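Student: I would like to go through the reasoning behind some of the labels used for this protein. Could we take them one at a time?

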Amino acid sequence: QPPKLSRRGKVDLFLIVTGALGSWLYLRDSDWDRDAWHEKEKLLDTALMVMQEGDGATKSRPEASHDELPIPLRKYLDTVMTSDDSSKTIQEERVQVVSVDQTGMFFASQQWYPFHSNLLTKTASLHQDDLPGFVWEAAVTIMSMPNRVLETYINGQGSITTKAWGKVPLIQVEEEEPYILFWLAMVPLIPSTFAPPNSERLESSNNTSQQPLITWNSVHDLSTCSGSMVDRTTNERFEMKLQFDPTTHLMQSIKVTSPCLPYPWQVQYSNYQV
């Protein structure tokens with residue numbers, strides 16, 4: 001007869017299997033922070049590469065004037081990009097990378113869930129190979145289950161990784177919207193994205209080899225302006241309309257339409273100050 005495990009043997013086997021599984025899950029959890037930092041390093045490397053090259057594309061091309069931007073956008077930049085050093089211009093105050101901690105509520109499955117996160121995001125220069133990007137690492141509690149989420153957009157490639165308790169991989173659901181729109185929603189954290197040379201009037205952008213990320217139309221009023229943004233990876237063009245508060249000059253909303261979107265996309269901003 002084949003050997004049979006005694007009751008004590010079964011208990012020992014259970015403890016061994018449970019211990020091995022626990023060790024495996026612990027190692028996976030330890031890898032989460034390492035993997036998240038690895039993605040952040042990749043994003044930082046793309047920004048450092050352009051900085052080390054001295055942004056040659058910008059230097060070889062006459063820079064558009066801040067005064068040529070639409071009036072409401074110009075007032076917005078004057079408000080949010082103030083400097084203690086009055087000798088510096090807005091162009092000299094350009095920020096390439098921002099890291100920010102966030103807390104709030106996350107909407108999923110028709111409910112709001114609390115989260116906290118760290119966002120690392122970068123803008124793009126005139127280099128056609130330099131793309132905007134972000135790494136969003138979040139902890140979200142959904143239906144009493146702690147989840148870790150890592151959403152990235154680096155070198156034009158987006159991905160999402162979700163793990164329950166930061167250990168057990170869950171079914172991955174891809175974004176329905178282009179990743180660049182998540183990045184666009186966070187652009188007020190780097191308002192220099194809307195300043196030259198990344199952003200210019202359409203009439204100023206006549207050099208096809210060094211196109212800015214965003215171009216603006218000439219027609220505008222005191223609280224709105226419109227333009228377009230190009231995804232340099234897919235060449236998709238997104239038509240944008242920005243709304244500003246006429247009193248504070250702060251941004252209130254960004255509305256986007258594009259043939260690649262099944263419906264208009266919009267992000268709104270409120271209850272904030274510089």
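Student: Is His249 buried, exposed or partly exposed, and what makes it so?

Tutor: This is a predicted model, and in it His249 has a relative accessibility of 24%. Buried requires a value under 20% and exposed a value over 50%, so His249, at 24%, counts as partly exposed. His249 is placed in the loop between β10 and β11 (251-257), and its phi is positive, about 70°, although it is not a glycine.

Student: Why is Asn235 called exposed?

Tutor: The relative accessible area of Asn235 is 62%, and because the cut-off for exposed is over 50%, Asn235 is given that label. Asn235, which is not a glycine, also has a positive phi, of about 65°, and it lies in the loop between β9 (224-230) and β10 (237-244).

Student: How do you know that β4 and β5 are paired?

Tutor: Two strands pair if at least two bridges are found between them; eight bridges join β4 (residues 145-154) to β5 (residues 157-164), so the criterion is met. These two strands run antiparallel, and, as one example of partners, Leu150 is bridged to Thr161 in β5.

Student: What makes β1 and β6 the edges of the sheet?

Tutor: The sheet is open and contains six strands in the order β1-β2-β3-β4-β5-β6, with antiparallel pairing. β1 (97-108) and β6 (168-169) each have a single partner strand, so one side of each is left without a neighbour in the sheet, and these two strands therefore stand at its edges.

Conventions:
Residues are numbered from 1 along each chain as its sequence is written. This is a predicted model: local features need pLDDT of at least 70, side-chain atom pairs count only at pLDDT 80 or more; totals for chains, interfaces and linings use all residues. Side-chain values use heavy atoms; hydrogens and water are left out. Helices (H or I, at least four residues) and strands (E, at least two) are DSSP runs, numbered from the N terminus. Buried means under 20% relative accessible area, exposed over 50%, partly exposed in between (1.4 Å probe, protein chains only).
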